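User: Please take a close look at one part of this structure. Then follow it outward to whatever else deserves attention.

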2 protein chains.
Amino acid sequence: MAARLKDIADELGLSVVTVSKVLRDHPDISEGTRKRVLKRMRELNYQPNLAARSLVTGRTWTLGLVVPDLLHPFFAEIAKAISAQTRKHGYSLLISSSDEDPDLEIQEIRQLLARRVDVILIASAQSSVDCFQMIEEQKTPYVLIDRRFADLDAHFVGVDDEAVGMLATSHLLEQQCSRIAHIRGPNVSTAIGRLEGYRLALASRGIAPLPGHVISLGTSGDHRGEKGGYEAAKQLLAAEIRPDGVFCFNDPSALGAMRAILDAGLRIPEDVAVVGCGNLSYSDFLRVPLSSVDQGSEAIGKCAADLALRIARKKTQTRPKTEFMSPRMVVRASSRRFADGLGKTS
Amino acid sequence: MAARLKDIADELGLSVVTVSKVLRDHPDISEGTRKRVLKRMRELNYQPNLAARSLVTGRTWTLGLVVPDLLHPFFAEIAKAISAQTRKHGYSLLISSSDEDPDLEIQEIRQLLARRVDVILIASAQSSVDCFQMIEEQKTPYVLIDRRFADLDAHFVGVDDEAVGMLATSHLLEQQCSRIAHIRGPNVSTAIGRLEGYRLALASRGIAPLPGHVISLGTSGDHRGEKGGYEAAKQLLAAEIRPDGVFCFNDPSALGAMRAILDAGLRIPEDVAVVGCGNLSYSDFLRVPLSSVDQGSEAIGKCAADLALRIARKKTQTRPKTEFMSPRMVVRASSRRFADGLGKTS
DNA sequence: TCGTTTAACTTTATCGGTGACTTCATCTCT
DNA sequence: AGAGATGAAGTCACCGATAAAGTTAAACGA
């Protein structure tokens, strides 16, 4: 059904290879034949068979993306940005969602390796680095997104999580919060970095977190952390000294926390100011619009895609490269305790 | 680098074909050699080269998905469900986002056709059916998701939008709303069906929509419709007779509408009850929790994936099949005007 | 004038599998 | 014992492209 090089070649009395060369803009083709061939290709709406091309070139013109959760707007936005960027360069994107499950993630990675994708982009839910050795064994290049591993020297694109933590915590300090708590995330680099940033920001004012004021987001079934945030905030409110500001690991957990605070009859931000992270798009429609640290997910996606494309084009391995995006504080009602002046507005 | 059939064949003193037969569970292989081959395959972590296999079988074991917007939770959920389902059967999924732009969508479809995906799943942003003829010419089967075309006889999986409209409108009627308005969506099947359902529900009580009470969601830049919903609701509130209930095309537009209503100093649901559609997961955290018609997006995804897999397995064309999911009303505060009794709770 | 370039193609081999046939030894049945 | 059936391999051609090397004729330089 679909046209092949051979069809075009036969019709024009050329060899398959000549037509193939036209297709790939090879120099040693005369202007005349080039035009004839291109014309016929257009007429037939010729599309090269990528399976055949892959077989001989060893490249699939396909990238693989693994995210923990496609429903999480942060990852959805990254996926969208990557997809848009790769498309421009003729690459397609296989997307899979690991449901935050390391084993499932490994399966997904195996699939991508079996498909011989040119580069794997991955926001990993792994706790160990074993599976990356598996990827390296297959000599498939990969780029970590959002989440890093301290003992793994690999390409990385993401936000500077320490800066995130400092930004959020400093903002709360500026809002005259004096007892700032932190609802921390699971044991991955993002959560660790944000916690560290939180500590550093406090330390720079000579403050140490009060006992019980750093609390872990339980893994109570929901990935995104709404329930976990609710539970964690309830515990915080029951602490000996009640916090007057909370920096939450991400926006969903902040939503949960806000609900717990409101349920307890407290006011946001007067009694407790809340800051999240991720700046998810629906923030404006909440009971109390949520202040949040924007991670520039779109920029992360674009940057990761560009890096991956660069890697895909080179056959030789390149030295691991780390690209940090800078976070941005977006202040909304949940943390704006002063009409103006003190609170930054962007 | 990666192991090939030939490597295994040489090592075991067999022919490539024999090994290939083992791989595909061909019957005429003795138990002994089968075991020897499988053992070696496992040791080498052999992965068949899908490009080679595709080249000869003409099948890619890949499905393509085109959605208008990956960031919209409705489509993200569908994408996730499809991905999960196809993975189980060894198929991969190429996902692309058309940004609700018909031209971009056509480009994406071309890409998928060029890649010779086995089936295309598409929630289309087209206004004409031309591009589906293009797909048919390539003899690539496709499944429409969510959005249909009246004059196109194709596979379809989605919700019964007329039922959606009736469900939402009947619910508002039950809540004693007597002046129910509708913020309708763009000119695609979903919006048309929901509008029709709205009309039918009113008609069944002998009511006709008041003038100016059916209003169109403008296309003011944002795809999801938050701004559009805001503008539309402002107009509704300025109508000669102010509505006391609004059924919104989707949840984002309902969010916008709610904001307009609250901004106007009115109460939800006492002054105006609001119902959306889509039942997006963050509904519980809104200023006023939003009642919404659940379309069962996960079920749609699963069903669409199953249908696509069935089609992929058959070589012969199958008769177009339409699968309707039934919508479900989820009542929350935005439309619960009576403490109990009248308002259904699920 | 003759060897050397150069432009513009063509030939040949190959990528890693699969499908359709063929071979050959063993087994079964009359 | 010989014909046909069966089981367990192997042969060969081919899928649709690309890489590398080879061919041919015109152009060029000394």
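Analyst: Asn45(A) comes directly after H3(A) and has a positive phi, near 55°. Most residues other than glycine have a negative phi, and most peptide bonds are trans. This is a predicted model: local features need pLDDT of at least 70, side-chain atom pairs count only at pLDDT 80 or more, and totals for chains, interfaces and linings use all residues. Residues are numbered from 1 along each chain as its sequence is written, while chains are lettered from A and ligands numbered from 1 in the order in which they are written.

Now the helix itself. Helices (H or I, at least four residues) and strands (E, at least two) are DSSP runs, numbered from the N terminus. H3(A) covers residues 31–44, 14 residues in number. The expected span of a helix is 1.5 Å times one less than its number of residues. For H3(A) that gives 20 Å, and the end C-alpha atoms are 20 Å apart, so the two agree.

H3(A) packs against H1(A). Their axes come within 11 Å and cross at roughly 125°. Axes are lines fitted to C-alpha atoms, for helices over the stretch in contact, and angles run from 0 to 180 degrees between N-to-C directions. The pair is therefore oblique. Angles under 35 degrees count as roughly parallel, over 145 as roughly antiparallel, 65 to 115 as roughly perpendicular and the rest as oblique. The crossing of H1(A) and H3(A) is right-handed, that is, the near helix is turned clockwise from the far one by less than a right angle; anticlockwise would be left-handed.

H1(A) contributes Ile8(A), Glu11(A) and Leu12(A) to the contact. From H3(A) come Arg36(A), Val37(A), Arg40(A), Met41(A) and Leu44(A). Contact requires C-beta atoms, placed from the backbone, within 7 Å. An α-helix has 3.6 residues a turn, so residues three or four places apart point the same way. By class, the H1(A)–H3(A) contact holds 5 nonpolar, no polar and 3 charged residues. Here Ala, Val, Leu, Ile, Met, Phe, Trp, Tyr, Cys and Pro count as nonpolar, Asp, Glu, Lys and Arg as charged, and the others, Gly among them, as polar.

H1(A), residues 5–12, also leads to the DNA. With H2 (16–23) and H4 (50–57) of both chains, H1(A) is among the helices that each supply at least two residues of the surface near DNA strand D. A residue is near a strand or molecule if its C-beta atom, placed from the backbone, lies within 6 Å of it. Around strand D there are 25 residues, and Arg4(A), Ser20(A), Ala52(A), Ser15(B) and Ser30(B) come nearest. H4(A) gives the most, 5 residues. The classes are 13 nonpolar, 7 polar and 5 charged.

Strand C has 24 residues around it; the closest are Ser15(A), Ser30(A), Leu5(B), Ser20(B) and Ala52(B). H2 and H4 of both chains give two or more residues each. H4(B) has the largest share, 5 residues.

The chains also meet. 38 residues of chain A are in contact with 37 of chain B. H5(A) supplies the largest share of chain A's side, 7 residues.

Other backbone features lie elsewhere. Gln176(A), not a glycine, has a positive phi of about 70°. The peptide bond between Ile268(A) and Pro269(A) is cis, with omega about 5°. Pro269(A) sits in the loop between H11 (251–263) and E9 (273–277) of chain A. In chain B, the bond from Ile268(B) to Pro269(B) is cis, omega near 5°.

Methods:
Two residues are in contact if their C-beta atoms, placed from the backbone, lie within 7 Å.
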